[in-house]
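Student: Please take a close look at the helical packing in this model and at the core to which it contributes. A single connected account would be welcome.

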Amino acid sequence: MSDVTYKKQDSFAGIRHHGPVNEVLTRVRTAHDGLAGSGLSAYQQARVREACEELLGLASAHGAGPLFVLQTYVIEEINRLPDTALPRYLFYRYRYETFPQRKILDDFPPCLQVEPTSACNYRCVFCYQIDEDFTKKSGGHMGMMTLDTFKRIVDEAAGKCEAITLASRGEPLICPKVDDMLAYASGKFLALKMNTNAWFLDEAKCHAILQSDLNTLVFSADAASEPAYSQFRVGGSLDRVLKNVKRFRDIQVKHYPKSRTITRVSGVQVPGTPDLDQMEKFWGELVDQVAFVKYNPWENTYEQPVNAITTPCSDLWRRMFVWWDGIVNPCDVDYKSTMAVGKATERSLGDLWKSDGYRQLRDRHLQTQRAQCSPCNRCTVI
């Protein structure tokens with residue numbers, strides 16, 4: 001049995017920035033001193049105060065686990081926010097980073113992963129899209145989120161959550177309503193993010209994304225040449241993706257010079273991928289960041305051997321996944337939703353986050369009974 005783990009807290013194998021990453025502690029101190037006028041609730045102010053004190057070295061960690069720190073990619077996000085938004089952002093990031101480590105359960109998930117569609121035009125070798133039981137129409141897993149369902153999710157999350165990621169099991173730009181979704185979410189979240197393979201990134205979608213004030217746009221790519229790209233991203237074309245990423249950069253520079261959207265090319269580090277230097281040389285002039293994330297065997301979770309890992313999964317305190325049909329699942333490693341806790345179209349997200357199903361799963365993980373949970377007993381995420 002294996003005890004090799006995949007740490008969600010530190011999933012980057014490497015990341016390179018192509019702009020200045022300025023010091024932010026002066027701004028953090030200003031945020032700390034001005035909390036009374038921030039407009040945040042007393043509870044939010046208390047958490048932001050804890051975050052600032054840990055960052056500024058004014059206090060030890062407020063609970064079990066390491067001190068709160070700001071990674072370079074987080075600092076780059078902060079650099080693009082006005083001072084007035086910093087307390088809100090720190091409240092989000094502090095919960096996102098430290099609550100999973102300290103096993104603190106808040107009333108609402110720090111992050112929502114919302115799936116516009118489960119369908120994808122690629123069959124990447126490291127993705128669950130290669131599971132034919134998942135992708136066949138008769139399986140019931142394939143579909144598109146309606147705009148009404150998306151609006152319901154956004155309406156509940158606004159003011160309670162800053163991190164909304166549009167992506168999960170599928171390619172979001174396939175969804176016919178994705179432009180409307182972006183427009184509806186615009187201005188409501190400080191950490192709105194989208195992951196895309198960029199195949200469908202035409203001019204209209206470039207404008208829709210940039211008009212939405214997206215925080216981070218991740219282009220999923222694992223190579224800097226052919227045939228490697230097509231071998232990893234089966235069904236894709238490096239030439240087409242490169243053209244589309246260039247188009248996005250040109251539109252952003254020409255029409256949205258004040259855009260705060262951070263662009264990143266991010267690949268999965270598997271045997272045969274180029275090193276980060278090669279990726280940076282190829283993609284670096286087109287995006288703000290180039291990164292690799294560590295590989296985890298998402299593509300065949302249910303076929304992995306049972307392992308000996310007893311460490312609780314941090315995502316149980318970090319993020320909630322909402323599929324296209326409203327099904328709420330604790331993780332995307334369980335891409336067939338065997339652990340689903342309910343539907344966002346029938347119950348509130350806050351209720352589902354603290355539901356009996358979620359509570360029982362968290363309790364088992366905390367009581368070193370992960371082996372009794374499937375597919376947690378075959379997963380390496382902690």
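Tutor: The account below proceeds from one helix pair to an enclosed helix and then to the core.

The model is predicted: local features require pLDDT of at least 70 and side-chain atom pairs pLDDT 80 or more, while totals for chains, interfaces and linings use all residues. Residues are numbered from 1 along each chain as its sequence is written, and side-chain values use heavy atoms, without hydrogens or water.

Helices α1 (residues 25-33) and α4 (residues 86-102), taken from DSSP runs (H or I, at least four residues; strands E, at least two), pack at an angle of about 100° with axes 10 Å apart. Helix α1 is therefore roughly perpendicular to α4 (65 to 115 degrees). In contact (heavy atoms within 4.5 Å) are Arg-27, Val-28 and Ala-31 of α1 with Leu-86, Pro-87 and Leu-90 of α4. By class, this contact comprises five nonpolar residues, one charged residue and no polar ones.

Both helices also help to cover the buried residues of α3, as do β1 (12-17), β5 (216-220), β6 (262-269) and β7 (289-294). Six of the eight residues of α3 (residues 72-79) are buried, so this helix is largely enclosed by the rest of the structure (buried: under 20% relative accessible area, 1.4 Å probe, protein chains only). These six are Tyr-73, Val-74, Ile-75, Glu-76, Glu-77 and Ile-78.

The largest nonpolar core (buried nonpolar residues joined through side-chain atoms within 4.5 Å) has 120 residues, of which Leu-112 and Trp-283 touch the most other members. Helix α4 gives the most to this core, with eight residues. Beyond neighbours within four places in sequence, the contacts of Trp-283 include Ala-221, Leu-238, Val-265 and Val-290.

Methods. Axes are lines fitted to C-alpha atoms, for helices over the stretch in contact, and angles run from 0 to 180 degrees between N-to-C directions. Angles under 35 degrees count as roughly parallel, over 145 as roughly antiparallel, 65 to 115 as roughly perpendicular and the rest as oblique. Ala, Val, Leu, Ile, Met, Phe, Trp, Tyr, Cys and Pro count as nonpolar, Asp, Glu, Lys and Arg as charged, and the others, Gly among them, as polar. Buried means under 20% relative accessible area, exposed over 50%, partly exposed in between (1.4 Å probe, protein chains only).
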